[in-house]
Amino acid sequence: MQNLEPILIFITVAEMGSFTHAADSLGIQKGRASTAVRKLEEDVGVRLLHRTTRSVQLTEDGRAFHARARDLLAEVDDLHSMFAGDRVALRGRLRVDLPTEVARTTIVPALPDFMAAHPELELEVSSTDRQVDLVQEGFDCVLRLGPIRDETLVARPLGLLRMVNAASPAYLARYGVPQSLEDLQRQKHRTIHFSTMLGARPHGWEYPDGDSYATLQLPGALHVNSAQTYDAAALAGLGLIQAPLLGIGQYFRSGALVEIMPDFRRRALPVSLVVAHRSNLSRRVRAFMKWIEDVLTPYLE
């Protein structure tokens, strides 16, 4: 392909669902738009669009090509402005993945300031508690809790999230307020088991043991795979939880949850920003990483 105009035309047609509207938006003739997309399909060797008299839709190959094409144009924009510093506004798409509770309680509430500072930036936020594949799923940056085991990725450690033990007042009224590990067993306490994969062996109740940590197996009838469900189960009085203060601090302030056994907190959770293995990051990715680090700093040890 000799220039990027056919790609820009294709992207506009795909997003507007119409050759006519896309041509009007770009200030070109409809025939020119149709010819450019047809030539692009010939160049790449696949059909990118389904065309009917009423609509234009992306094919399966077209969806994949569209995502990569948008990233390509954004990278070209970064290339043009790489020496401009802060004089040029951030543009293009930024695709990130965040843990659900961190996104809900901390990142999303702070987003209005970031979006106001960068009005030409298009942000796509995925919220999940599973570990996404940065490369295959097309993420520019992800926030990870816990150790990073994939050595092909580049991790930027931010710090450690403080963990707390918690339960609802109603639960503690029923079982008692534990002060020690012995109380957990003597008072027959129950825990809510959390794992991103249901059916996995429960990790157990983690506690400091000298210079390391050990686990105590506690009974629990409920297993969940979502941080939001984990918190909701504790609020409903179904058992004890060990969670980041960042997510449940609001419930301590309202009295909906109570911290217990502060001397027996589980180990703090590493927090990292992770990108695919590449030496140069776009300006928009660097800006987002710096902003998210500033947002999380008050919650880190």
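Start by selecting residues 100-117, which is helix H5 in this predicted model. At 1.5 Å a residue, its 18 residues should span 26 Å, and the end C-alpha atoms sit 24 Å apart, which agrees.

Now look along the axis of H5 and stop at isoleucine 107. The helix bends there by about 50°. Proline 109 follows within four residues of that bend.

Next, colour the buried residues of H5: Thr100, Glu101, Val102, Ala103, Thr106, Ile107, Leu111 and Phe114. So isoleucine 107 is on the buried list as well as being the site of the bend. What lies over these side chains? The cover for the buried residues of H5 includes three strands, namely S3 (92-98), S4 (121-127) and S5 (141-145). Helices H9 (227-235), H10 (245-254) and H11 (283-296) are also part of that cover.

**Zoom out**

Show the whole protein chain as a cartoon: there are 11 helices and 14 strands to look at. The radius of gyration is 25 Å, well over the 19 Å that the globule rule gives for 301 residues, so the chain is more spread out than a compact globule. If you draw a box along the principal axes, the C-alpha atoms fill roughly 80 × 45 × 35 Å.

Colour by domain next. Domain 1 takes residues 4-81, domain 2 takes 92-151 + 278-299, and domain 3 takes 163-267. Put a marker at the C-alpha centres of domain 1 and domain 3, and you'll find 52 Å between them.

A few numbers for the chain while you have it all on screen:

- Buried residues account for 43% of the 301 residues.
- Of the contacts between residues at least 6 apart in sequence, 72% join residues at least 24 apart.
- The exposed area is about 16400 Å², with carbon and sulfur atoms supplying 51% of it.

**Over to domain 1**

Select residues 5-16 to pick up helix H1. Its 12 residues reach 16 Å from the first C-alpha to the last, close to the 16 Å expected at 1.5 Å a residue. Buried in H1 are Pro6, Ile7, Ile9, Phe10, Ile11, Thr12, Val13 and Ala14. Step just past the helix to glycine 17, where phi is positive at about 65°.

Then jump to arginine 63, in helix H4 (residues 60-80). Is arginine 63 buried or exposed? Neither label fits: at 44% relative accessibility, arginine 63 counts as partly exposed. Add leucine 49 to the selection; the two C-alpha atoms are 8.9 Å apart, with their positions 14 residues apart along the chain.

**Across to domain 3**

Go to helix H10 and show Leu246, Gly247, Ile248, Gly249 and Tyr251, its buried residues. Their cover includes H5, where the tour began, along with strand S6 (154-161), strand S7 (163-167), H9, S12 and H11. Just after H10 comes glycine 255, with a positive phi of about 90°.

Strand S12 (residues 241-244) holds your next stop, alanine 243. Alanine 243 is buried, with a relative accessible area of 3%. Which residues touch alanine 243, leaving aside its neighbours within four places in sequence? Select Arg162, Met163, Val164, Tyr230, Asp231 and Ile248 to see these contacts. Ile248 also appears among the buried residues of H10. For a distance to draw, try the C-alpha atoms of alanine 243 and asparagine 165: 6.7 Å in space, 78 residues along the chain.

**Two backbone oddities**

Most residues other than glycine have a negative phi. Here are two that go the other way.

Lysine 188 has a positive phi of about 60° although it is not a glycine. Find lysine 188 in the loop between helix H8 (181-186) and strand S8 (193-194). Its relative accessible area is 64%, so lysine 188 is exposed.

Methionine 261 also has a positive phi, about 45°, and is not a glycine. This residue lies in the loop between strand S13 (258-260) and strand S14 (269-275). Methionine 261 is buried, with a relative accessible area of 4%.

**Last stop**

Finish at aspartate 150, in the loop between S5 and S6. Aspartate 150 is partly exposed, at 37% relative accessible area. Draw a line from its C-alpha to that of tryptophan 205: the pair is 55 residues apart in sequence and 26 Å apart in space.

Definitions and conventions:
Residues are numbered from 1 along each chain as its sequence is written. This is a predicted model: local features need pLDDT of at least 70, side-chain atom pairs count only at pLDDT 80 or more; totals for chains, interfaces and linings use all residues. Side-chain values use heavy atoms; hydrogens and water are left out. Helices (H or I, at least four residues) and strands (E, at least two) are DSSP runs, numbered from the N terminus. The expected span of a helix is 1.5 Å times one less than its number of residues. The bend at a residue is the angle between axes fitted to the seven residues ending there and the seven starting there. Buried means under 20% relative accessible area, exposed over 50%, partly exposed in between (1.4 Å probe, protein chains only). Contact means heavy atoms within 4.5 Å. Domain bounds come from an automatic or database domain assignment. The radius of gyration is taken over C-alpha atoms; the globule rule is 2.2 Å times the number of residues to the power 0.38. Accessible areas come from the Shrake-Rupley method with a 1.4 Å probe; for residues, only the protein chains shown count as cover.
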